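Work through the exercises below with the model open. Each task is followed by its solution.

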Amino acid sequence: MDLLQQIVERAKADKQRIVLPEAIEDRTLRAADRVLAEDMADLILIGNPAEIHKLSEARGLPNIEKATIIDPENYDKSEALALKLAELRKSKGMTIEQARELIKNPLYLGCMIIKTNGADGQISGALSTTSETLRPALQIIKCAPGVTCVSGAMLLLTTQKQYGENGIIVMGDVAVTPEPDADQLSQIAISTAQTARSVAGFKSPRVAMLSFSTKGSASHAVVEKVREATKLAKKRAPWLKVDGELQADAALVPSVGQKKAPGSAIAGNANVLIVPNLEVGNIGYKLVERLGGASAIGPILQGIARPVNDLSRGCSVEDIYYMVGITACQAQDAKKEKDYTNDNH
């Protein structure tokens with residue numbers, strides 16, 4: 001069973017409630033029908049009910065009737081959610097009138113439904129920009145405890161089974177923070193390890209903090225940032241298996257790792273790669289995808305208290321379908337983290 005099918009099966013095993021706020025979009029509606037047909041998740045579709053029903057009938061999508069459909073212009077909980085939103089954003093000067101208008105925006109409405117425990121995650125981006133997807137999530141759901149920066153991870157699936165976890169590597173950040181400082185980079189490392197566990201199913205994420213230097217082979221401010229981030233990640237998450245700074249070959253190839261970083265438990269054995277900035281991440285995964293023939297899945301947003309994921313506006317029906325599964329797996333993990341935190345405080 002390949003990784004994507006594993007993700008689907010994990011989602012089915014513990015169904016989550018996922019919001020699709022772009023429900024009148026054709027690809028989204030088709031993906032929703034498939035999700036519902038396979039009983040992968042409970043879906044909340046936001047959009048004009050008459051239009052959704054008309055589109056689903058015209059396209060032969062009979063399973064849409066299994067979804068909960070919410071009309072953002074005529075929702076019986078809108079006033080209560082607007083009051084809650086105004087209270088949440090009071091310190092930023094939001095008035096109740098402004099909140100009432102924002103609640104009509106499906107992306108804001110979906111995040112408020114999650115905030116009030118009516119759903120577990122949200123996916124948008126087929127029609128919306130990344131900033132439009134992230135803004136309500138950060139204003140309403142906010143970052144996870146101990147996290148101040150959101151980042152994006154990419155699943156890289158290669159035919160080179162000797163690398164990573166049987167050919168699977170998780171890389172971050174590839175999507176959000178252009179120039180993370182050492183503190184942010186340490187957070188990205190921890191968040192990406194959690195994504196590797198919850199989405200890729202890694203039982204033991206092994207994190208390499210990448211640089212153009214391995215263990216002091218070069219001296220530069222960027223190298224020092226990676227070293228400091230490694231120290232902070234170890235301090236923040238003592239359970240995390242992490243080492244750096246490591247060059248990419250030292251992180252992935254056992255013989256090179258043994259030569260360049262003898263004694264490192266991560267060198268030559270990494271399955272999670274953390275790049276020093278967004279430029280490296282974006283260029284790196286696209287080169288691996290185009291020249292190396294890897295499949296790139298994502299980006300998967302991480303660091304938000306409850307999962308909110310962003311699609312490319314050029315996404316396919318299949319992309320949306322699998323992102324529902326990914327978001328469900330993240331939601332399962334977020335609940336476990338919340339339960340653990342509550343039990344230990």
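**Exercise 1.** Which residue in strand 9 does Ala208 stand opposite? Place the pair in its strands.

Solution. This is a predicted model. Start with Ala208: its place is in strand 7, residues 206-210. Across from Ala208, in strand 9, stands Leu273. Next, check the pairing. Strand 7 and strand 9 (residues 272-274) run parallel, joined by 3 bridges.

**Exercise 2.** Is Ala208 buried or exposed? List its contacts beyond the neighbours within four places in sequence.

Solution. The relative accessible area of Ala208 is 0%. Buried means under 20%, so Ala208 is buried. Now the contacts. Leaving aside neighbours within four places, Ala208 touches Val272, Leu273 and Ile274, among others. The list also includes Asp243, Leu246, Ala251, Ile266 and Ala270. Take Ile266: 58 residues separate it from Ala208 in sequence, yet the C-alpha to C-alpha distance is 6.6 Å.

**Exercise 3.** Which strands stand at the edges of the open sheet, and why does each have a side without a neighbour?

Solution. Write down the order of the 6 strands: 8-7-9-6-5-10, with mixed pairing. Strand 8 (241-246) and strand 10 (295-302) are at the edges. Each has a single partner strand, so one side lacks a neighbour in the sheet. On average, neighbouring strands of this sheet are turned by 25 degrees against each other, direction ignored.

**Exercise 4.** Which strands do helix 9 and helix 12 lie across?

Solution. Helix 9 (residues 221-236) lies across strand 7 and strand 8, at about 170 degrees to strand 8. Helix 12 (residues 278-292) lies across strand 5, strand 6 and strand 10. Its angle to strand 5 is about 15 degrees.

Definitions and conventions:
Residues numbered from 1 in each chain as written. Predicted model: local features only at pLDDT ≥ 70, side-chain atom pairs only at ≥ 80, totals over all residues. Heavy atoms only, no water. Helix = DSSP H or I, 4+ residues; strand = E, 2+ residues; numbered from the N terminus. Buried < 20%, exposed > 50% of the residue type's maximum accessible area, 1.4 Å probe, protein only. Contact = heavy atoms within 4.5 Å. Pairing = 2+ DSSP bridges. Axes fitted to C-alpha atoms, helices over the stretch in contact; angles between N-to-C directions.
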